[in-house]
Amino acid sequence: MNPHLSNNDMPPIDQPVVWEPADAEEALALKREHGANAVWVAGGTLLRTQWEGGIAAIPAHMIRLDTIEGMRSIIDETDYVQVGSLATLKQCGQHAALQQYANALYMACRHIAAPAVRNLATIGGNVASAVGDALPALLVHDASLLWIDGEHTPLHHEQAAVDWMEQVRIGRRSLHAVLLGIRFPKGPVISGHLPVQSSVAVESTPVDLSANAVSFWIDEHGERWRELCFFRKLGRREAFTPSLVTVAMRCWISESGELTRVRVAAGGGSGLAMRLLQCELMLEGRMYDATWLPELARVAAQEFSSYSDPFAEAPYRQQSAGNLLAAGLWESIRDMEEGR
Amino acid sequence: MLLNRENSGERWRKRRDGKEKVTGELRYLTDMTAEGMLYARVLRSIHPHARIVSLDASAAEACTGVVAVITHLDVPGLNRFGIATPDQPALCEDRVRYIGDAIAAVAAETPELAEYALSLIRVEYEVLETITDPLRALEEDAPQLHPEGNVLHRTSVKQGHADEAFAECAHIVRETYRTPRQMHAYMETEGGLFVPEEDGRLTVYAPTQHGYKDRMQIARILGWEEERIRVVSSPIGGSFGGKDELNVQPYGSLLALKTGRPVKLHNSRKESVRAGLKRHPMTIEMETGIDTNGRLLAHRVRIVADTGAYATLGAPVLNFATEHAMGPYRIAHVDIEGISVYTNNGVSGEFRGFGGNQAIFAMEGQMDRLAETIGMDPWEFRMLNRRQPHDPGPLQQEIWRTNGLYQVMEALEHSTIWQRRQSRLDAGMAAGTFIVDTDIDREGHGQSQPPWIKRGIGAALAMHGAGLGYGIEDPAGGRLSLNEAGQIEVAFSYEEFGQGLIATMEIMLIDLFHCDPSDISIIIGDTDRVPHSGSSTASRSTTMAWMALQRLKVPFLEAILQEAERLSGIPAQELTTGIGGIRRKLDMENVTEQSSVYAKAGNNATDELVISYSELAQQSVLEQLVFDTHFQYPTTPDEVMGGHFLYTYAAVAAEVEVNTLTGNVRLLDTYHTVAAGPVINPMGFIGQIEGGSVMALGFTLTEDSVMDDGHYMTKNMDTYIIPTIQDMHRSLEVEVIEDLPENDPFGPRGIGEIGSVALAPAITAAIRQASGVWVNHLPVARERLIQPLGVGQQEGVSPR
């Protein structure tokens with residue numbers, strides 16, 4: 001800076017004002033005050049790529065969310081695991097409770113961007129972006145979102161992730177809501193254990209896409225059901241890549257091969273993640289048989305609505321999503337049979 | 001010999017610039033600052049093709065904190081640049097031809113002010129038709145981008161009578177190949193610091209591959225004598241051809257002179273993508289015919305290169321592609337025509353491989369398709385058709401003969417990877433058969449491969465010319481001296497852009513003088529301190545440095561030993577150079593013996609030190625210990641424009657995995673064998689081949705600067721996808737052929753490009769074997785390889 005120039009001489013270069021609310025209520029008040037001129041910022045990783053790419057303008061006001069206390073922890077409760085929205089992707093991709101009870105999310109978080117980004121990026125930001133790779137995982141885990149919302153009475157409320165996605169789809173999401181946390185119900189598990197290798201889930205561990213947490217559930221007839229859960233991401237390269245397609249699936253399989261509580265979801269890129277209800281219907285109560293996997297792939301491809309951009313056409317995204325879902329199920333069964 | 005740490009012994013040396021680079025301590029030229037410096041920014045066109053109706057910079061000039069604004073009116077000399085043909089405006093006068101064209105530049109007290117000032121410059125455009133397709137550019141009613149029209153350059157090679165010969169062919173393969181607009185993606189974007197000196201000179205600290213050429217071009221723009229400019233150009237954070245042409249230098253220089261203050265200018269990545277050079281996208285149609293025995297008879301090629309808005313080195317790139325479009329094969333009847341066409345798609349220019357990558361991809365694709373047509377092994381087919389040792393070059397020009405072609409072909413045939421392919425075929429897996437394998441993960445756990453994972457192995461061959469070629473000034477030389485600090489100093493105008501030139505020179509000097517690295521000083525990249533020895537391009541620096549040192553070592557040694565004799569009284573013939581200074585030979589026999597250099601250096605350490613280099617420097621007239629040499633890079637004697645004389649040979653094999661669920665391709669094991677003469681610096685050699693190979697992997701699978709109506713769709717590294725370490729080969733073997741004919745005077749050949757030219761066709765051949773699909777457009781589209789689950793998979797999808 002030239003010492004002869006005082007601030008008064010400076011031309012009007014816009015610098016954003018950065019606000020540091022102490023709590024969520026204050027964050028809401030700031031947003032109410034500055035409206036469309038203000039954006040929430042948590043890790044800031046997605047916003048920076050949008051600014052640099054000219055997709056979004058640098059706003060006049062930034063409201064930091066990372067100054068708010070108590071939104072970083074992941075808490076393992078009896079019936080659910082609650083993830084604070086400021087938990088980083090790195091935290092989520094290393095957490096034993098998520099590995100066991102929300103495995104699709106755990107795997108998703110390990111494959112978003114690169115380690116340096118995952119150190120900063122938050123799960124809340126990924127979800128609130130509405131196009132994050134974590135969203136299919138939320139859908140298959142029946143996750144719910146904990147909001148504080150200036151447009152909602154009462155201020156605090158819990159909403160199923162799938163309902164929120166629908167609001168986003170029809171353009172009705174609240175612009176005055178702060179995501180406080182995400183709740184992952186544990187489901188009907190009565191017993192479970194973690195595979196040995198997952199107790200030390202560090203960044204350097206080779207990523208095994210088929211690593212499933214093993215959770216069991218014994219029903220009233222004494223039938224044992226085992227959880228199958230997987231997440232797949234297809235990008236334009238092996239790592240540090242935006243997704244072309246992400247898919248997730250979760251279900252329970254009996255010893256005789258019957259599937260139940262099936263959840264199937266797909267998303268990826270800048271498309272909105274969606275539950276694939278026809279696939280779920282097709283699989284619910286069905287006995288596993290590899291011969292119907294091509295049909296599953298077809299149904300999923302048909303049901304998944306995607307989009308085209310310079311890097312992939314919609315039909316390709318749809319077909320690969322279908323293939324990845326059917327293949328993911330095949331691989332999960334193989335892994336189960338091979339004792340993984 | 002497989003090149004690796006074990007086989008390299010003491011030559012496996014850490015490069016002297018390595019630690020500084022990996023720790024980030026090294027200060028690149030774009031890291032430099034100067035007291036009182038200004039920050040510059042460039043206003044670039046927002047339209048790919050438009051007339052400039054009006055330009056008003058007054059508001060920017062009036063802005064507080066803005067020290068200078070320049071437009072074309074501020075260019076005192078020639079308002080054009082371009083290494084070969086200066087046709088690119090430094091600052092556009094009345095027309096813009098691509099989205100990176102510069103219209104004005106600003107120097108201000110802060111980067112933010114400079115950026116703000118750009119927003120105050122008013123440019124009124126009249127938008128013109130964007131020429132996005134070279135074929136549209138060739139139509140009669142297309143807008144003309146340059147006074148001489150839309151054709152930059154044409155090439156033509158006619159040998160024999162192709163038309164008649166095609167009628168005789170038993171089989172003909174016709175195919176159209178397309179290659180991507182690859183970006184150099186160097187880590188350090190273009191930039192520099194421009195300092196007006198008190199003595200009226202200008203110092204330019206800006207990375208380039210040829211400091212003297214930049215000096216000439218900047219002088220031409222400023223209307224100055226070249227000598228008034230000093231260009232400091234190394235170290236460089238990567239170039240790959242992309243920084244050979246001028247980039248920000250005109251703006252930095254003009255602004256520094258206008259303001260009288262140092263000016264810093266450093267492109268953001270976004271601006272680098274927008275303004276920077278790319279590899280020429282080419283469409284190559286090939287029609288190749290063979291007789292009933294599989295011998296090549298006729299070959300017709302049509303190359304269309306999209307050279308973008310300006311010439312830079314578009315013409316030589318097309319020459320090179322044309323020369324390499326018939327590969328290392330004997331073909332009696334050849335009909336090749338090439339055309340390089342101006343469009344509004346960015347600017348294409350020099351890029352590692354220089355047009356060879358595109359042509360070799362197409363030619364090797366033809367060889368594989370022809371071999372398959374007649375059911376012949378692809379390598380056997382190549383052997384049947386390869387050039388004979390005494391054959392002339394592809395342009396019928398005289399070339400320096402080596403056995404490199406035969407040697408690399410034989411090496412590949414015996415490589416583990418090719419043997420593996422052979423044993424699969426022997427086991428009854430015909431080409432196109434899906435191969436299911438057991439994947440062993442890093443912990444050694446076996447996991448049965450799902451049926452949608454297909455593997456294949458392919459190979460390709462390359463003969464790659466080095467040097468600029470016939471008809472282009474290609475100077476070489478160097479200087480060897482004893483400097484004031486008592487070091488053996490070598491000076492070249494070559495540049496260090498990461499390729500390992502400094503490390504290689506250090507080893508060459510230790511080889512020659514048996515001294516310690518601390519006894520050596522290497523001066524490069526500074527026009528005030530180095531002689532004009534040409535550019536670091538076209539795989540030429542290593543050969544040139546070696547040849548220069550061969551010329552300089554005898555007079556230099558004679559002189560310093562004579563000087564040592566004068567000072568010590570010991571006869572010169574009893575003296576030798578060694579660690580720390582001139583030493584007396586203890587064992588005369590050892591000196592003449594051609595034992596390992598390092599063994600000799602070891603002996604030197606125990607030889608009696610007669611006089612240290614620093615004492616010698618203090619007591620001598622140093623001007624008498626300076627030796628220069630000047631010569632030309634070896635060129636073919638035949639008058640064939642662009643024809644090369646020295647060739648390097650390489651063969652590459654690659655194993656890939658195709659996932660038919662997604663069409664994703666992964667490179668597994670890779671093998672490069674290279675015949676390039678003696679290896680000076682093994683670690684550097686592997687680095688060059690591996691780096692070139694990974695760059696070629698990007699060219700093959702993911703990299704393309706996608707454009708829409710003259711605008712980049714891939715504006716940054718988040719959408720322009722280069723390979724990461726996760727995408728690289730699973731393993732890489734480099735086998736070197738070091739033999740050269742007896743008394744070969746040219747020494748080690750450069751290997752800066754050869755690693756990057758033949759991987760693409762090896763990968764596409766492997767994809768063919770794995771999936772049954774011929775790929776002719778790069779990067780490989782997943783859409784071509786994806787299959788519905790369960791189709792074409794004999795195994796079905798049952799896990800058991």
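**Figure 1. B:Phe381 contacts eight listed residues beyond its sequence neighbours.** Leaving aside residues within four places in sequence, B:Phe381 meets B:Ile290, B:Gly294, B:Leu296, B:Met367, B:Leu370, B:Ala371, B:Ile374 and B:Met376. Contact means heavy atoms within 4.5 Å. The structure is a predicted model in which local features need pLDDT of at least 70 and side-chain atom pairs count only at pLDDT 80 or more, while totals for chains, interfaces and linings use all residues; side-chain values use heavy atoms, without hydrogens and water. Residues are numbered from 1 along each chain as its sequence is written, with chains lettered from A and ligands numbered from 1 in the order in which they are written. B:Phe381 sits in helix 12 (residues 378-385) of chain B. Helices (H or I, at least four residues) and strands (E, at least two) are DSSP runs, numbered from the N terminus. B:Phe381 counts as buried because its relative accessible area is 0%. Buried means under 20% relative accessible area, exposed over 50%, and partly exposed in between (1.4 Å probe, protein chains only). One contact, B:Ala371, lies ten residues away in sequence and 5.9 Å away in space, C-alpha to C-alpha.

**Figure 2. B:Arg44 is a buried arginine in strand 1 of chain B.** The strand spans residues 38-44. A relative accessible area of 7% is why B:Arg44 counts as buried. Residues up to four places away in sequence are not counted among its contacts. B:Arg44 touches B:Ile99, B:Gly100, B:Asp101, B:Ala102 and B:Ile103, among others. Its contacts also include B:Tyr125, B:Tyr251, B:Asn267, B:Glu271, B:Arg274 and B:Ala275. B:Arg44 and B:Ile99 are 55 residues apart in sequence, yet 6.9 Å apart in space, C-alpha to C-alpha.

**Figure 3. B:Val67 is partly exposed on strand 3 of chain B.** The strand covers residues 66-70. B:Val67 counts as partly exposed because its relative accessibility is 35%. Not counting residues up to four places away in sequence, B:Val67 touches B:Leu38, B:Ala107, B:Ala108, B:Glu109, B:Thr259 and B:Arg261. B:Arg421 is 354 residues from B:Val67 in sequence and 66 Å from it in space, C-alpha to C-alpha.

**Figure 4. Residues 23-129 of chain B carry a domain annotation.** The unreviewed UniProt entry gives "domain: Aldehyde oxidase/xanthine dehydrogenase a/b hammerhead" for this range. UniProt positions follow the numbering used here, feature names are shortened, and annotations may be inferred rather than shown by experiment. Residues 23-129 are 14% helix and 32% strand. The end C-alpha atoms are 49 Å apart.

**Figure 5. Two cis peptide bonds precede prolines in chain B.** The bond between B:Ser234 and B:Pro235 has omega of about 0 degrees. B:Pro235 lies in the loop between strand 11 (229-232) and helix 8 (249-259). The bond from B:Leu778 to B:Pro779 has omega near -5 degrees. B:Pro779 lies in the loop between helix 21 (759-771) and helix 22 (782-785).

**Figure 6. A:Ala113 and B:Asp709 have positive phi values.** Neither A:Ala113 nor B:Asp709 is a glycine. For A:Ala113, phi is about 50 degrees. A:Ala113 occupies the loop between helix 5 (103-110) and helix 6 (115-120) of chain A. A:Ala113 counts as buried because its relative accessibility is 18%. For B:Asp709, phi is near 50 degrees. B:Asp709 occupies the loop between strand 30 (707-708) and strand 31 (711-712) of chain B. With a relative accessible area of 44%, B:Asp709 counts as partly exposed.

**Figure 7. Chain B has 22 helices and 32 strands.** Its C-alpha atoms fill a box of roughly 80 × 80 × 60 Å along the principal axes. The radius of gyration is 28 Å, which agrees with the value near 28 Å for a compact globule of 800 residues. That radius is taken over C-alpha atoms, and the globule rule is 2.2 Å times the number of residues to the power 0.38. Buried residues make up 64% of the chain. Among chain B contacts between residues at least 6 apart in sequence, 80% join residues at least 24 apart.

**Figure 8. Chain A has twelve helices and 14 strands.** Of its 340 residues, 55% count as buried. Among chain A contacts between residues at least 6 apart in sequence, 62% join residues at least 24 apart.
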